[in-house]
Amino acid sequence: MPAIRAFLILILALAAQAAVAQRPAPEAEAARLALPQVGLRAQDIAVVVNDADPASVEVGRYYAARRGIAEGRVVHVRFPAGQAVMSAADFLRVQAVLDANVGAEVQAYALAWTWPYRVECMSVTAAFALGFDPPAYCAESCRTTKASPYFDSASRAPFTDHRLRPAMLLAGRDVESAKRLIDRGLRSDARWPEGKAYLMNTSDASRNVRSVTYERVKAVLGAAYPIEQVDADALEGRGDVMFEFTGAAKVASIGDNRFLDGAIADHLTSFGGILGAGVGQTSALDWLAAGATGSYGTSSEPCNYRAKFPEIGIVMARYLGGETLVEAYWKSVLMPGQGVFVGDPLARPFGGVRVARSAAGTVISTRALAPGDYLLEAGRSSVGPFQPIRPVRVAGFGVRRLSLPAGDTRWFRLRPIAPAARPAAASATASAPASAAD
């Protein structure tokens, strides 16, 4: 009898293992629900490399390899290396090469260098995104500049929709620091980092102008991600920084904090986008050196127009909603002509889906679903035909959970039927106080 009992137990165990083995993998379960695409992919981006700069060549090659960017999407140009400011003539020659080699399917640029960070009076990322247009995008005194049509846009394809390619510098103090930046961005993808957003309320009245939006940011996004307002000039001793926004000429204690992979951090000041020493202000490079994956700064005097700096509610909502770093950051600046965007453009910490099974069915969780109205449809195959089941309204921000009934083998899709809501009501305006921030 003991031998027979042991044999039966073995048979039952093997049967249970076979049943488990026959269950579809989580990826297969997730594939049965098609969600609206959010976030640019590797095939949407071109890497621009300066062949006159060995560091640019190495960083560009490394980024393309790590991100799986096709060789045909690495565009080689040539201009004088080691210069902080590119001349208009050099830019126009480079632009001609890009026009001849970059197809309409490319939606964004990764610029594989740190210098130049400016094209004469425009930031280099703005020049490559918007075209070199000094009358529209340069400001020689305290005045506004042309607005970006991409600002707070629902667009998933900026070049297709707006004829611009948002650009970002793969920047670093040296090649190894740029590679570490790239590695952080890659590690962050779809990880849903459990950190905190720190909104610094500093004593610097000229640079603290974004603090007027903090209450609205907390009201709109506080349920989606932990947010803490810190009434101090410096953040110290924090090990969970996913976002940090402040206003200061020199940001103290950056190195005292731990930035999570994919983190965004920036400061409102005049010359944070001058990527080098000698201006007496903290540089966007300092945030990257401390461990942030993305940052922003202006490369010429912007005064303290909020519209020339990231609108905190927008960049956070877009990023938390599954968009890439380059999309979220670019959409948050109304007037980007003087602003330098640095980081891994494809970093996407809050993308992807997660699958959990229960007796009631399968639950698919995602952050990458913008507020708005959708229609849930079902079909017998992945290509349809699909029939409507019910409308779905998505409100607020955060993790969305969608259930697939147990035993239902149909394919589903969630199709938007109304424009997504604007991520935050705290939109940048050109009417913010105007005074020199330095």
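## Disulfides

The count of disulfides comes to 2 in this protein, which is shown as a predicted model. With the bonded cysteines numbered in sequence order, the pairing reads 1-2, 3-4. A disulfide is a covalent bond between the sulfur atoms of two cysteines.

## Cysteine 121 and cysteine 138

One disulfide links cysteine 121 with cysteine 138, at an S to S distance of 1.9 Å. Cysteine 121 sits in the loop between strand 6 (118–119) and strand 7 (122–123), and cysteine 138 in the loop between helix 6 (134–137) and helix 7 (158–162), so the bond ties together parts that are 17 residues apart in sequence. The torsion about the S-S bond of this pair is about 75 degrees, and the disulfide is therefore right-handed.

The two ends can be described by their accessibility. Cysteine 121 is partly exposed, at 28% relative accessibility. Cysteine 138 has a relative accessible area of 4% and is buried, the cut-off for buried being under 20%.

## Cysteine 142 and cysteine 303

The sulfur atoms of cysteine 142 and cysteine 303 are 1.8 Å apart and form a disulfide. Cysteine 142 belongs to the loop between helix 6 and helix 7, while cysteine 303 belongs to the loop between strand 13 (294–298) and helix 11 (312–320), so this pair ties together parts that are 161 residues apart in sequence. The S-S torsion of cysteine 142 and cysteine 303 is about -90 degrees, which means that the disulfide is left-handed.

Here too, accessibility is given for each end. Cysteine 142 counts as partly exposed, with a relative accessible area of 38%. Cysteine 303 is buried, at 1% relative accessibility.

## Surroundings of threonine 298

Threonine 298 lies in strand 13. At 1% relative accessibility, threonine 298 is buried. The side chain of threonine 298 reaches the backbone oxygen of serine 270 at 2.6 Å.

Setting aside residues up to four places away in sequence, threonine 298 touches Thr269, Ser270, Phe271, Gly272, Gly273 and Ile274, along with Lys308, Phe309, Gln338 and Gly339. Serine 270 thus appears both in this list and as the partner in the 2.6 Å contact.

## Surroundings of arginine 238

Arginine 238 is located in the loop between strand 10 (227–230) and strand 11 (241–246). Its relative accessibility is 24%, and arginine 238 counts as partly exposed. A polar contact of 3.4 Å joins its side chain to that of tyrosine 198.

Apart from neighbours within four places in sequence, arginine 238 is in contact with Tyr198, Glu228, Val230, Asp256, Asn257 and Arg258. Among them, asparagine 257 is 19 residues away from arginine 238 in sequence, with a C-alpha to C-alpha distance of 4.9 Å.

## Overall make-up

The protein contains 12 helices and 20 strands. Of its 438 residues, 56% are buried. The exposed area is about 17800 Å², and carbon and sulfur atoms supply 54% of it.

Among contacts with a separation of 6 or more, 74% are between residues 24 or more positions apart. The disulfide of cysteine 142 and cysteine 303 also spans the sequence, with a separation of 161 residues, and the disulfide of cysteine 121 and cysteine 138 spans 17.

Key
Residues numbered from 1 in each chain as written. Predicted model: local features only at pLDDT ≥ 70, side-chain atom pairs only at ≥ 80, totals over all residues. Heavy atoms only, no water. Helix = DSSP H or I, 4+ residues; strand = E, 2+ residues; numbered from the N terminus. Buried < 20%, exposed > 50% of the residue type's maximum accessible area, 1.4 Å probe, protein only. Contact = heavy atoms within 4.5 Å. Areas by Shrake-Rupley, 256 points an atom, 1.4 Å probe, with all protein chains shown as cover. Disulfide = S-S within 2.5 Å. Polar contact = N/O pair within 3.5 Å; in protein donor to acceptor, adjacent residues only side chain to side chain.
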